[in-house]
Amino acid sequence: MRLSQMLFVTLREDPAEAEIPSHKLLLRAGYIRRIASGVYAYLPLMWRVLKKVSQIVREEMDATGAEECLLPQLQPADLWQESGRWDTYTKAEGIMFSLVDWQKREMGLGPTHEEVITTIAREMIRSYRQLPLHLYQLQNKFRDEIRPRFGLMRGREFIMKDGYSFHTDEESLKETYRDMDRAYRNIISRCGLEFKAVEADSGAIGGAGSQEFMVLAEAGEDEVLYTEDGSYAANVEKAVALPTDAEPSPFTEFAKRETPDTNTIEKLCQFLDCSPTQIVKNVLYQAVYDNGTTVIVLVNIRGDRDVNEVKLQNALTRVADRYGGTTIVALTVPDAEAQAKWAAKPLPLGYIAPDLGDDYLQPDAKLARHILRIVDRTATDLKNFVTGANEAGYHVVGANWGDQFERPELTIDVDKAKAGDRAASNPSQTLQTARGIEVGHIFQLGTKYSTAMGATYTNEAGEEQPLVMGCYGVGVSRLAQSAVEQSYDKDGIIWPVEIAPYHAIVIVPNIKDTKQVETAETLYRELNAAGVETLLDDRDERAGVKFKDADLIGIPYRIVTGRSLKDGKVEVVERATGNRQEISIDAVVSTIGQWVDEAIEK
């Protein structure tokens, strides 16, 4: 393609809307154009990248035996109501675009397709002889992000590969799950990216187990914790760890102490000259279930630790049936306004004890009558600990479970693991931290959707059984931007050869120089004919402008028909390393072709 004939406009300044390097560079280099908040047009260069990523995805999926299909983006609400996710996605998480058609039917734009594919399976799968079955698609998805940001990373419309498998049992599901693990590793590796596969929380998708694939980058929204030996890696939302041992308590007798202005752990430690590992911190939460019931939750955790709210929400979901609900629609630390709605009297904030009384709750039909009490395992074995006294300005010291305080019935891991903790799987290993961009996620769904929606098959004994399901997603547009976030410099993008829009760019420094133009035209034709995808910069621009644009758009190899033509050579620059060399004109096609082949095959 000739740049003089392309829709090609670059910017010298960073757009005001862009926050992270990859977003800035894709806008500046003319790959994408913002149409609305979180909505972008993929311009010709970007579309070539996306097609290459999509082709890699297709090849790896097809190699596993999965079949490609295309499912509707517009989905009826009643399917989501069957699965129980309509309120979760349109109200609790609020990420689904919903609308009402002219016949007053509620519809949604699909952020995912579990309900649609389960409906198809329910209507078409009858016998175990049809199983296992694995279908996938590549198409646009929609999420009504409250605050779209980072370009294609968190947009309201994006391209995704999502796949769904159906099985007779868990063992068959696990086999496909392992196939997808390998396929996803291959996809990301073939795109030339450094990544980690990590244990993950299943979130609103649900299921027994899941794994995320994280492209490592400083701008990643997720924190990954891992061991140096590679035996463990997890999203911080899911990670489990062994914290450092608690220090022995200096308090050997129980006593109530006046502790003015000590409503934080730091202030309390300074006042009592103690370690935060000797403190039981009591954190108050307000959980609202999908049936409207509000539950006040008190979490006891060691003073140097923080509550992992994803783990807490999962724990509260598991006990939802106690309160007549099925899922959590809101989980917050209640502020003064929230407290005013249910607190019967002022709370001793900063001085709460594990036995905060239920008399702090107002009688209300929509409010659970008792505080739900949870203790994290970091606090269960503490002895002679410090904690609140349920009175402003006072704490107790030398307290023990079973003596001064009854240990809560629910002992649950709600601790937020962090770098420096010991790995639970191997305490000799210390957890390290990295930032990651989630580009893929695979789930073992089990029978969550098939049971809810009545999707069954008949087994060999003639019995009707729920289908066992898995689902698997790759963010195609997100993966493409992740490549930029992982590889750029002060001059612009550095595309991996595998997914670069073009492999090479031939630059004519002076289009009025006949020899430069003729040589460039010849190389342009011969390179493309040899399978080296090549751009020709034949614009009537200064050489410096062309060089800057070539660096900005990140084409792997730059060929310049400049001064060295007099010696029968051209200058070749490798974008990733900046290495320059002069190569005989006759050797350019074979040399660049070999470099491209080696990069793609590695």
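Mentor: Let's start with Arg575: in this predicted model, Arg575 is buried, at a relative accessible area of 8%.

Trainee: What does the side chain of Arg575 meet in a salt bridge?

Mentor: The general idea is that side chains of opposite charge can pair when their charged atoms come close. Here the partner of Arg575 is Asp551, at 3.8 Å from N to O. That pair links distant parts of the chain, 24 residues apart: Asp551 sits in helix α14, and Arg575 in the loop between β32 and β33.

Trainee: Is Asp551 buried or exposed?

Mentor: Asp551 is buried, because its relative accessible area is 19% and the cut-off for buried is under 20%.

Trainee: Which residues do shared salt-bridge partners join into one network?

Mentor: Arg143, Glu145, Arg149, Arg154 and Glu221. Take one pair from it: Glu145 bridges to Arg154, with the closest N and O atoms 3.2 Å apart. Glu145 counts as buried at 11% relative accessibility, while Arg154 counts as partly exposed at 22%.

Trainee: And what does Lys345 pair with?

Mentor: Asp359, with 3.1 Å between the closest N and O atoms. Both residues lie in the loop between α9 and β18, so the salt bridge ties together parts that are 14 residues apart in sequence.

Trainee: How do I read the accessibility of that pair?

Mentor: Lys345 has 36% relative accessibility and counts as partly exposed. Asp359, with a relative accessible area of 48%, is partly exposed too.

Trainee: How many salt bridges does the structure hold?

Mentor: There are 44 salt bridges in the structure, including the one between Asp551 and Arg575 that we began with.

Note on methods. Residues numbered from 1 in each chain as written. Predicted model: local features only at pLDDT ≥ 70, side-chain atom pairs only at ≥ 80, totals over all residues. Heavy atoms only, no water. Salt bridge = Lys/Arg side-chain N within 4 Å of Asp/Glu carboxyl O. Buried < 20%, exposed > 50% of the residue type's maximum accessible area, 1.4 Å probe, protein only. Helix = DSSP H or I, 4+ residues; strand = E, 2+ residues; numbered from the N terminus.
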